[in-house]
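Colleague: I would like to learn how to read a structural model step by step. Could you take me through the terms and then show me each one in the case at hand?

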Amino acid sequence: MVCVFYGHRECGEEIVPRLETVLKALIEEKGADRFYVGTQGGFDDAVYRTLKTMRRHYPHIEYKRVLAYLPTALEQGDKAEQADTLIPAGIETRPPRYRILYRNEWMLRQADYVVVYTVTSAGGAAKFAALARKRGIPCINLKKRIRDRLTTLWMKLK
């Protein structure tokens with residue numbers, strides 16, 4: 001089972017405990033074992049670091065950072081991190097300004113589950129969350145889950 005991630009560039013570390021909880025459930029309860037994440041911001045970085053850490057407990061999982069642009073010689077860096085990257089076929093034929101969109105569409109085509117962190121309904125992450133729902137792909141919004149839990153708790157207190 002494949003899980004992909006979309007989220008806002010701006011994302012604090014407070015998301016990590018929620019992310020770990022969702023990843024644990026996806027791995028243990030839904031059989032997710034392959035994860036694709038972008039490289040464009042705070043949420044993507046948090047997901048990548050969390051997956052890297054979780055692999056110690058779940059050695060069978062595979063995760064890849066899906067690149068929108070071919071790395072330059074200076075960006076190639078660590079060999080271990082290079083092994084954690086994937087470049088969708090055909091991306092090099094797209095104009096540079098459309099490569100992130102192409103990469104995100106490619107990721108969505110692979111997805112059995114989508115995890116997003118969207119605070120507003122604007123932006124690419126929200127667009128791909130809506131597309132996932134439209135295509136019938138289960139979509140978990142980390143921000144919404146907290147809001148839902150708080151609402152449920154509030155209703156119980158009334």
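Modeller: Let us begin with contact, which means that heavy atoms lie within 4.5 Å. This is a predicted model, in which local features need pLDDT of at least 70 and side-chain atom pairs count only at pLDDT 80 or more, while totals for chains, interfaces and linings use all residues. Residues are numbered from 1 along each chain as its sequence is written, and side-chain values use heavy atoms, with hydrogens and water left out.

Colleague: With which residues is Ala-129 in contact, leaving aside its neighbours within four places in sequence?

Modeller: With that restriction, Ala-129 is in contact with Val-116 and Cys-139. Ala-129 lies in helix 5, and its C-alpha atom is separated by 8.5 Å from that of Ile-140, which is 11 residues away along the chain.

Colleague: Is Ala-129 buried or exposed, and what do those words mean?

Modeller: Buried means under 20% relative accessible area, exposed means over 50%, and partly exposed lies in between, with a 1.4 Å probe and protein chains only. Ala-129 is buried because its relative accessible area is 2%, whereas Gly-136 counts as exposed because its relative accessibility is 59%. Gly-136 lies in the loop between helix 5 and strand 6 (139-141). Across the chain of 158 residues, buried residues make up 42%.

Colleague: How many helices and strands does the chain have?

Modeller: Helices (H or I, at least four residues) and strands (E, at least two) are DSSP runs, numbered from the N terminus. The chain has 6 helices and 6 strands, and from the N terminus on they run β-α-β-α-β-α-β-α-β-α-β-α.

Colleague: Where is confidence lowest in the chain, and where is it highest?

Modeller: The predictor's confidence in each residue is called pLDDT, and it goes from 0 to 100. Confidence is lowest in helix 6 (residues 142-157), with a mean of 55, and highest in strand 2, with a mean of 96. The mean pLDDT of the chain is 84, and 84% of its residues reach 70 or more.

Colleague: Which residues of the largest nonpolar core touch the most other members?

Modeller: A nonpolar core is a set of buried Ala, Val, Leu, Ile, Met, Phe, Trp, Tyr and Cys residues joined through side-chain atoms within 4.5 Å. The largest one has 27 residues, of which Phe-5, Leu-26, Phe-35, Leu-51, Val-115 and Leu-142 touch the most other members. Two or more residues of this core come from each of strand 1 (2-7), helix 1 (15-30), strand 2 (34-37), helix 2 (42-54) and strand 5 (113-117), and helix 1 gives the largest share, 7 residues. Leaving aside its neighbours within four places in sequence, Leu-51 is in contact with Phe-5, Leu-23, Phe-35, Ile-61 and Tyr-63. There is also a second, separate core of 17 residues, which includes Val-66, Trp-106, Val-116 and Ala-129.

Colleague: How should I read the share of contacts that join residues 24 or more positions apart?

Modeller: Take the contacts in the chain with a separation of 6 or more as the whole; residues 24 or more positions apart account for 71% of them.
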